Amino acid sequence: MPVTNESMNSSGVSVLEIQNKSPPPYKTNVIYSEDNSFRESLNNLRRQNVYTDVQILCQHRVFPAHRHVLACGSKYFYRLFVPGGGGSGGESPTSTQTPVTSVELHDHDPHVLEIIIHFLYTGYMVNVSAFTSKDVAKLIKSSEFLQVDHLEVVLLQELIKDLNMENFKHVVHLASKHQNQLATATVLTFLIKNLDTVWVSAEFMELDGEMVGTMFHQAAPNLHCHDTLLQIALVWVKHHLEERKDVLTKLTSTLDFSKISVSLARFLLHDNFITTSPTSLRDKLVKVVVASGVETRNKKSDFIDQRTDMNRFYSPSSVATSEVAIVVIGRDEANRGSVVRYYPRADQWDNVQDLGTSLEMKQGLGYHQDRVYFVGGEDLNGNKLGTCFAYDLKINQLLKLPELITPRTCPVVIGHEESIYTAGGTGRFSTSGLSSVECLENVNCPSWKYKNPMREKRDETASCCTISEKIFVAGGGHLKCEYFIPGSRGWAQVCPLPLNEFNGILPCVAVANNHVYAFKYFKPNHALFLDFERDEWVVVNMRGSAPEWIMAITGCGSGVYALDKSRKFYIFDTSTGTWALGSRLPKSFSHAMHAACNFE
């Protein structure tokens, strides 16, 4: 074929010569120079749809762009657009091949794709600190698909600047992928510094054995008590037992068993998992107990077979520094107010303590900072009461509190810092419940004050709990849920409880594993936890024998504790969805009415 003017480009080079040449090797970051004005000019052309030659189609969005810019920053686009770069099937294009003018990427999030395209043009990312963990996960997934390696490097640098409980797993992933030792060291320091809280997260459970092992190796020498590390090892291994059981020996080899508490060692020696684990771990635990002079028992009947692993039920900080107790408020055989504590570590109840007062009918009960609160109630004539008391368990003294502004029966009572809040219940002139909220700023305050009312009226059947500074309320005549952050302007609604799960049966709520869990009061057959981020309730299938009629419920760490009408005590392990039967309430404690978790 003769070379004509039509077959020559503006520089006088034969087009055939260009087409017959092999494509240049892919080079990353070729447009990411320090000349920001040039990159911004390119981006402005894209925004104004000037000289664009390709459209990126993503769900309902269309992004015009320039092929050469996309190819410079993405290996995926390079193979798609550059002659000989691979095309749609890896074959070299012919001279008659039609250029790609549209690309469909419907499996990606349009917002995420817009961020990536912006980065390909400008070389920087916009407002990374505002990204949620899900945003980051989607961004990494799309970036890996499009093979925009430099974006991941920049994202890693930005995430490290604001390393937190939600994004550390992404930092671990990117640091490992790009072999960034400095980032790996930074996230390890963060994990060790926040060991007491970070290990209960689902993100921590997904860390690989090498990262967890390195963390143990660095953390162990600086800890005075190794209870936390031992519990972390066991919980992490059990999360994927078949894959990780061989790693347990390596993790426990970094521990100093002279720093393991006797009470934890005694408990673990009667755990089914420990009895079937490598003998070296059991032998070390036996030595801990023998060294203390406490006799060990090997009979399984000495302990409750179905009791779920204690190490899932309370936070590691409490194990190392304090005792966890489940506080149950109710009445004794003489109808006097009473309180009794259950200690999960020893699986035993303390002596029943008399609160020095008879309970009124339909009182609201609460527990906060070593005080039991009695709020409102009803007299024998059905009159609503506004009387309030607090029993200080530290000094064994009953304190008279100011009367409520609105007398009511069975309000929810919950504490936050030094304040006590009471909400809902039934008033003198209301049969459908109250929406009013009252607050006593401290026990020495002369009066209650009205706070922002709830969005819904809630009667005597409402249930409440606190989670991450939020006072959460559910039930009380319907399935709508809402929460209030003290100091904020008002209550915020969340997704209502699903009708098909409760079908007219009242809900009760508790916080465990940093989630709000909801159960039916009567014969619960499922557990539900609230995903605040997605604003939906997630159903959890349950195993084991559940309570028949829940009278009191609370959560602590990863466990939910419930007492039923027959005085039986049940423990729900949120990590496995399993109910187990604990030690029965003392005989002198006839009726449980309220439960709370306490760190002593």
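**Notes on a predicted model**

1. Let's start with one residue: at 47% relative accessibility, Lys523 counts as partly exposed. Bear in mind as you read that this is a predicted model. You'll find Lys523 in the loop between β21 and β22, the latter being residues 526–531. Take a look at its backbone too: Lys523 isn't a glycine, yet its phi is positive, at about 45°.

2. Which other loop residue has a positive phi although it is not a glycine? That would be Asn513, with a phi of about 55°. Asn513 sits in the loop between β20 and β21. Its relative accessible area is 23%, so Asn513 is partly exposed; the cut-off for buried is under 20%.

3. Both loops belong to a sheet that deserves a look of its own. Four strands make up this open sheet, running in the order β20-β21-β22-β23, and the pairing is antiparallel. At the edges you have β20 (507–512) and β23 (536–541), each of which pairs on one side only. From one strand to the next, the twist averages 30°. As general background, strands of a sheet pair through backbone hydrogen bonds, in either a parallel or an antiparallel way.

4. Now zoom in on one pair in that sheet. β20 and β21 (residues 515–520) pair in the antiparallel sense, over six bridges. If you want a spot to begin tracing the pairing, try Pro507, which stands opposite Lys520 in β21.

5. Next, a pair of helices. How do α8 and α9 lie against one another: roughly parallel or roughly antiparallel? The axes of α8 (residues 168–177) and α9 (residues 181–193) come within 9 Å and cross at roughly 150°. Angles over 145 degrees count as roughly antiparallel, so α8 is roughly antiparallel to α9. The crossing of α8 past α9 is left-handed.

6. What do the two helices touch with? On the α8 side the contact is made by Phe168, Val171, Val172 and Ala175, and on the α9 side by Ala183, Thr184, Val187, Phe190 and Leu191. Sorted by character, the residues of this contact come out as eight nonpolar, one polar and no charged.

7. Finally, step back to the whole protein chain. Its secondary structure comes to 20 helices and 28 strands. Of the 600 residues in the chain, 50% are buried. As for contacts between residues at least 6 apart in sequence, 54% of them join residues at least 24 apart.

Terms used: Residues numbered from 1 in each chain as written. Predicted model: local features only at pLDDT ≥ 70, side-chain atom pairs only at ≥ 80, totals over all residues. Heavy atoms only, no water. Pairing = 2+ DSSP bridges. Axes fitted to C-alpha atoms, helices over the stretch in contact; angles between N-to-C directions. Parallel < 35°, antiparallel > 145°, perpendicular 65-115°, else oblique. Left-handed = near helix turned anticlockwise from the far one by under 90°. Contact = heavy atoms within 4.5 Å. Nonpolar A, V, L, I, M, F, W, Y, C, P; charged D, E, K, R; others polar. Buried < 20%, exposed > 50% of the residue type's maximum accessible area, 1.4 Å probe, protein only.
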